[in-house]
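Here is a quick briefing on one protein chain. Have a look at the sequence and the model first, and then we'll go through it piece by piece.

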Amino acid sequence: IQTALSERLSIYQDVLHGGVGFYAASYSVERSEWKAYVDSMSVNQRFPGLDGLGFIACVPRAKLEAFLQTTRADKMPDFQLKNPGTNDEYFITKFLEPAKENATLIGEDIDSERRAVAELARDTGRFVISGPLNLRRLDIRGQATERQNGLWMLLPVFRNGAPSATLAERHASIVGWVYARFVTAQLMGGI
């Protein structure tokens, strides 16, 4: 079982690397382009347990308004920051496909538990898998409607051409993270 799960997670890691490559090959990634990328991989059919594939933007507090304006101009006129924390940087879910099922999570400044995982990925410059998480979806009022056991996988995205060999360089050049949400029961299906 452990070998089969390890092989499955390795394949999913390749999906994240593909997302990072997509960012590296683009001047900017628009919402429709991210959706087309995820759709082209047939995520729902080919990757059991993958509940969502998204991008979390690292937004310094001083650049929040510019980020919101740019994001709203990308066919999301009602985009709002949700549950903002008190940190110097927001870690905002910018894209998450399938968008319809995850719409209420888009715009969320991720919580401290998930933030710690993102910070570890940024600080090491490597792929990171969270420990067990309580995954949720929100209704239109922002209330949790569905909770499932799961985990996150994240891979940092650094500014194109910027050095990222040292911790200081990674902090200075982080753009965000490509990440995947997994429902444990579905991820283990067929193993």
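Let's start with a lysine: Lys94 has a relative accessible area of 13%, so it counts as buried, the cut-off being under 20%. Keep in mind that you're looking at a predicted model. From Lys94 we'll zoom out to the whole chain, and then go back in to a helix, a strand and a few loops.

**Lys94 and its surroundings**

- You'll find Lys94 in strand β2.
- Which residues is Lys94 in contact with, leaving aside its neighbours within four places in sequence? They are Val29, Arg31, Phe55, Ile56, Ala57, Phe67, Thr71, Phe79 and Ile106.
- One of those partners, Arg31, turns up again below, as a buried residue of helix α2.
- Try finding Ile129 as well: Lys94 and Ile129 are 35 residues apart in sequence, and their C-alpha atoms are 20 Å apart in space.

**The whole chain**

- Count the pieces of secondary structure and you get eight helices and six strands.
- Going along the sequence, they come in the pattern α-α-α-β-α-β-α-α-β-β-β-α-β-α.
- The radius of gyration is 16 Å, close to the 16 Å that the globule rule gives for 191 residues, so the chain is as compact as a globular protein of that length.
- If you drew a box around the C-alpha atoms along the principal axes, it would be roughly 45 × 40 × 30 Å.
- Among the 191 residues, 45% count as buried.
- Now take the contacts with a separation of 6 or more: 66% of them are between residues 24 or more positions apart.

**Surface and charge**

- About 9900 Å² of the chain is exposed, and 53% of that comes from carbon and sulfur atoms.
- How many positive and negative side chains are there? The chain has 22 positive and 22 negative ones, and the centres of the two sets are 1 Å apart.

**Helix α2 and what covers it**

- Helix α2 runs over residues 31-40, and its buried residues are Arg31, Trp34, Tyr37 and Val38.
- Look down the axis of α2 and these buried residues fall within an arc of 125 degrees, so they line one face of the helix.
- The cover over them includes helices α1 (2-24), α3 (43-46) and α4 (64-73), along with strands β1 (50-60), β2 (89-97) and β6 (174-183).
- After α2 comes Ser42, which has a positive phi near 50 degrees.

**Leu53 in strand β1**

- Leu53 sits in strand β1.
- Is Leu53 buried or exposed? Its relative accessibility is 0%, so it counts as buried.
- Leaving aside neighbours within four places in sequence, Leu53 is in contact with residues including Trp34, Tyr37 and Val38, which are also on the list of buried residues of α2.
- Val15, Leu16, Met41, Leu96, Glu97, Val178, Tyr179 and Ala180 are among the contacts of Leu53 too.
- Leu53 and Glu65 are 12 residues apart along the chain, and 25 Å separates their C-alpha atoms.

**Backbone oddities in the loops**

- Most residues other than glycine have a negative phi, and most peptide bonds are trans.
- Lys75 has a positive phi, near 60 degrees, and lies in the loop between α4 and β2.
- With a relative accessible area of 68%, Lys75 is exposed.
- Asn83 also has a positive phi, of about 50 degrees, and its place is in the loop between α4 and β2.
- Asn83 counts as exposed at 52% relative accessibility.
- Glu97 and Pro98 are joined by a cis peptide bond, with omega about 0 degrees.
- Pro98 is in the loop between β2 and α5 (99-102).

**Two more residues to find in helices**

- Ser173 belongs to helix α7 (residues 167-173), and at 1% relative accessibility it counts as buried.
- Beyond its neighbours within four places in sequence, Ser173 is in contact with Val157, Phe158, Arg159, Ala162, Pro163 and Ser164.
- Gly18 lies in helix α1 and is partly exposed, with a relative accessible area of 30%.
- Gly18 and Phe127 are 109 residues apart along the chain, while their C-alpha atoms are separated by 12 Å.

Note on methods:
Residues are numbered from 1 along each chain as its sequence is written. This is a predicted model: local features need pLDDT of at least 70, side-chain atom pairs count only at pLDDT 80 or more; totals for chains, interfaces and linings use all residues. Side-chain values use heavy atoms; hydrogens and water are left out. Helices (H or I, at least four residues) and strands (E, at least two) are DSSP runs, numbered from the N terminus. The radius of gyration is taken over C-alpha atoms; the globule rule is 2.2 Å times the number of residues to the power 0.38. Buried means under 20% relative accessible area, exposed over 50%, partly exposed in between (1.4 Å probe, protein chains only). Contact means heavy atoms within 4.5 Å. Accessible areas come from the Shrake-Rupley method with a 1.4 Å probe; for residues, only the protein chains shown count as cover. Lys and Arg count as positive and Asp and Glu as negative; His and the chain ends are not counted. The place of a charge is taken as NZ of Lys, CZ of Arg, CG of Asp or CD of Glu. The arc is that of the directions from the helix axis to the C-beta atoms.
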